[in-house]
Amino acid sequence: TDGHIGFESQLLRTLQHDLPRGSRLHAVGVGSAPNRALTRPAARAGRGVEVLAALGDDAERAAARLIAATRGPAIVDLEIHGPAVAGFAPHPLPDLMAGAPVLVGLSLRPDGGELIVRGRTPGGLWEERLTVQPTEAGAGSPGVTALYGREAVEDLELDLAAGADRDEIDRAIEQIGLDFGLATRLTSWVAISAASEGTANAGVPK
């Protein structure tokens, strides 16, 4: 179907709280206007992939992506923790597929420390430990630092779609939008032009 079912919130809440740990849900949207308000968060909550196929698209290509996601992940049950980690997103973490890296946004503590990445492979447990050097807050590439903010907003929007308190979620999204200079549902970009100073951009509440 096109996914317009009318009880998206109940479904997403069930996926978040009741999907067995070893299960994955992949969402396939077919047609010219599939319900991405369902397919995208459902795949995220189910630690799966979202596959979209318009009526004129090559169905084999969409099927190949779905098969690749189910054939056998390289590492499952990924965990990221350690003294250096203040937070991460997306949560829960997706599986690591052969040939397809997992992109995770990390919020790191300024004083650094150890970062531990752990998971389960077909051959047993796998673990990697990294030492994070002390870093000043806000240092580094803006594109990299914004990744955590964007993923954190996606997690919050999923929580809202699954029935979380709107006021609490909206306050958190607005703060992240301001902290990271992101355009979100609650923050926008404003361009201010001054003849002598050029153009300045800033994230502001809507």
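Where is F7 found relative to α1 (8-18)? In this predicted model, F7 belongs to the segment before that helix. With a relative accessibility of 43%, F7 counts as partly exposed, since the buried class ends at 20% and the exposed class begins over 50%. F7 also has company on the surface: together with I5 and L11 it forms a nonpolar patch, and the three share about 230 Å² of accessible area.

From here, let's follow the chain past α1 to R24, a good place to pause. R24 sits in the loop between α1 and β1 (27-30), while D77, its partner in a salt bridge, lies in strand β3 (residues 76-81), 53 residues apart. The closest N and O atoms of R24 and D77 are 3.7 Å apart. A second salt bridge joins R24 to D95, here with the closest N and O atoms at 2.6 Å. D95 is in the loop between β4 (85-89) and β5, so this pair again links distant parts of the chain, 71 residues apart. How do the partners compare in accessibility? R24 is partly exposed, at 23% relative accessible area, whereas D77 is buried at 14% and D95 is buried at 9%. These contacts belong to a network of salt bridges that links R21, R24, D77, D95 and R120.

In total, the model has 14 salt bridges. Another one to look at brings together the side chains of R44 and D155, with 3.0 Å from N to O. R44 belongs to helix α2 and D155 to helix α4, so the pair ties together parts that are 111 residues apart in sequence. D155 is buried, with a relative accessible area of 12%.

Now turn to the pockets. The largest has a volume of about 790 Å³, and 25 residues line it, with G48, V49, E50, R65 and P94 nearest its centre. Helices α2 (36-45), α3 (59-70) and α4 (142-161) each supply at least two residues of this lining. By class, the lining of the largest pocket holds 13 nonpolar, 3 polar and 9 charged residues.

The second largest pocket has a volume of about 570 Å³. Its lining comprises 22 residues, and L106, L108, G138, A139 and T145 are the closest to its centre. Two or more lining residues come from each of β5 (105-108), α4 and α5 (166-180), and α4 gives the most, with 5 residues. The lining of the second largest pocket divides into 12 nonpolar, 7 polar and 3 charged residues. Helix α4 is thus a handy landmark, as it contributes to the lining of the largest pocket and to that of the second largest.

Technical notes: Residues numbered from 1 in each chain as written. Predicted model: local features only at pLDDT ≥ 70, side-chain atom pairs only at ≥ 80, totals over all residues. Heavy atoms only, no water. Patch = residues over 30% accessible without salt bridge, like charges linked within 9 Å, V, L, I, M, F, W, Y side chains within 5 Å. Areas by Shrake-Rupley, 256 points an atom, 1.4 Å probe, with all protein chains shown as cover. Salt bridge = Lys/Arg side-chain N within 4 Å of Asp/Glu carboxyl O. Helix = DSSP H or I, 4+ residues; strand = E, 2+ residues; numbered from the N terminus. Buried < 20%, exposed > 50% of the residue type's maximum accessible area, 1.4 Å probe, protein only. 1 Å grid on protein atoms, 1.4 Å probe; cavity = no way out; pocket = protein on both sides within 12 Å on 5 of 7 lines; lining within 4 Å. Points joined across faces, edges and corners; volume = space filled by probe spheres on them. Nonpolar A, V, L, I, M, F, W, Y, C, P; charged D, E, K, R; others polar.
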